[in-house]
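Biologist: I would like a close look at one residue in a loop, and after that a careful walk outward from it to the rest of the chain. Please explain each term as you reach it, since I am still learning to read structures.

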Amino acid sequence: MAAIEDKIVQRAVTEVLNAIYEADFLGFSYGFRPGRQAHVALDFLAVGIRFKKISWILDADVRSYFDRINHDWMLRFLEHRIADKRMLALIRKWLKAGVLEHGKWATSEEGVPQGSSISPLLANVYLHYVLDLWAHQWRNRHARGDVIVVRWADDFVVGFQYGDDATCFMEALRDRFQRFLLELHPDKTRLIRFGRFAHRDCRRFDGRKKPETFNFLGLSHACGVNRGGKFMVRRTTMGKRLTAKLHEVKAELRKRMHQPVPEQGSWLRSVVRGYFAYHAVPGNWKALGTFRTQCTRLWYRTLRRRSHKSRLTWNRMTKIADAWLPRARILHPYPEQRLADRIRGKSRMQ
């Protein structure tokens, strides 16, 4: 009962703190905030790269972020906006709650408890002070050219007009993180050429045939052109994410092997529909078609394995898939279109 009561209190405190910090959080922070879906962050990133003078991208990730948040700094940050000592004591108690590993209870000296209602908000507050406010100030004081920032939790992307700005920012950011006991992940943090002149600059300065890509929120971002020949950010599903999802579908179909076809079809339709709901962005039609086709193949193999005398043909399987699975189609508008609607107050996401 105490655990249930604790969760109720956490949710209540989270709602109160959300109301406080929503007025403080900066516009380029998206993760774990009400009304700020991942696609809004993706759209702002794509539009920022396209319409600002961006030539470099810092693709950054904080190493083991949720496990390394310093409790003392966390409480000091909270004291800026929370005067109630009882609430601060309650949050301190949650931070020190500890974890159960291999049947043994250990106290937590750093990090936030995973899975709790308040953890995402606390993680956002920490990076608000450590990264967001500092990055906003650095952009205004030190940058010579355009700089864009988009952050989702501990995963963030920074775009720069000039390479010197990018290098200085990354070095200053490492020092900044070290002060607050954080670290950029060495394998997941990269500085790459990107933007409308990236193809030309890669051939001229780096000897590369084409610019590198970067991943953000499940999509791979590459330099491309639209039908009119103008630069745009091409977004496709990350190959690893696609493969991992198909492995999940395969494992689940094996568990459902002996269910009636309508039950299997109903479940698989919900999976494909949910996948399309996120990944059906303009330019990603090929990945959508691949996912649907591979799901059909996995379903076909599952049904064939139910009997050694199965007479199910691929043509018949195609008809079954057409009856149950939605066809691949683009569901999301182009980034600039959705943002224009959002700014005018017509977007459903408001």
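Is Ala 153 buried or exposed, and what is its relative accessible area?

Modeller: Ala 153 is buried, with a relative accessible area of 7%; buried here means under 20% relative accessible area, exposed means over 50%, and partly exposed covers the range in between, all found with a 1.4 Å probe and protein chains only. The model is predicted, so local features need pLDDT of at least 70 and side-chain atom pairs count only at pLDDT 80 or more, while totals for chains, interfaces and linings use all residues. Residues are numbered from 1 along each chain as its sequence is written, and side-chain values use heavy atoms, with hydrogens and water left out.

The loop that holds Ala 153 runs between β4 (147-152) and β5 (155-160), where helices (H or I, at least four residues) and strands (E, at least two) are DSSP runs numbered from the N terminus. Although Ala 153 is not a glycine, its phi is positive, near 55°. Phe 32 can be set beside this residue, because Phe 32 also has a positive phi, of about 60°, without being a glycine. Phe 32 lies in the loop between α1 and α2 (38-51), and with a relative accessible area of 39% this phenylalanine is partly exposed, whereas Ala 153 is buried.

Stepping back to the whole protein, there are 13 helices and 9 strands, and the C-alpha atoms fill a box of roughly 70 × 65 × 40 Å, taken along the principal axes. Of its 350 residues, 48% count as buried. If we take the contacts (heavy atoms within 4.5 Å) between residues at least 6 apart in sequence, 69% of them join residues at least 24 apart.

Thr 14 lets us see such a long-range contact in one place. This threonine belongs to helix α1 (residues 2-21) and counts as buried because its relative accessibility is 10%. Leaving aside residues up to four places away in sequence, Thr 14 touches Ser 117, Ile 118 and Leu 121. Its side chain also reaches the backbone oxygen of Gln 10 at 2.7 Å, which is a polar contact, meaning a pair of N or O atoms within 3.5 Å in which, within protein, one must be able to donate a hydrogen and the other to accept it, and residues adjacent in sequence count only if both atoms are side-chain atoms. Gly 265, by contrast, lies 251 residues from Thr 14 in sequence and 39 Å from it in space, C-alpha to C-alpha.

Next comes the interior. In soluble globular proteins, nonpolar side chains tend to be buried together. In this model the largest nonpolar core (buried Ala, Val, Leu, Ile, Met, Phe, Trp, Tyr and Cys residues joined through side-chain atoms within 4.5 Å) has 52 residues, and those with the most contacts inside it are Leu 78, Ile 91, Tyr 126 and Phe 177. Helix α6 (residues 119-141) gives the most to this core, with 12 residues. When residues up to four places away in sequence are not counted, Tyr 126 touches Tyr 65, Ile 69, Asn 70, Trp 73, Met 74, Phe 77, Phe 180 and Leu 182.

Several of these names lead on to helix α4. Of the 8 residues of α4 (residues 71-78), 6 are buried, so this helix is largely enclosed by the rest of the structure. The buried ones are His 71, Trp 73, Met 74, Leu 75, Phe 77 and Leu 78. At the start of α4, a side-chain oxygen of Asn 70 comes to within 3.1 Å of the backbone nitrogen of Asp 72, and Asn 70 is also among the residues that Tyr 126 touches.

Finally, consider the cysteines. The structure holds 0 disulfides, a disulfide being a pair of cysteine sulfur atoms within 2.5 Å. Cys 223 is in no disulfide, and the nearest cysteine sulfur, that of Cys 202, is 7.6 Å away. Cys 223 counts as buried at 12% relative accessibility, whereas Cys 168 is partly exposed, with a relative accessible area of 44%.
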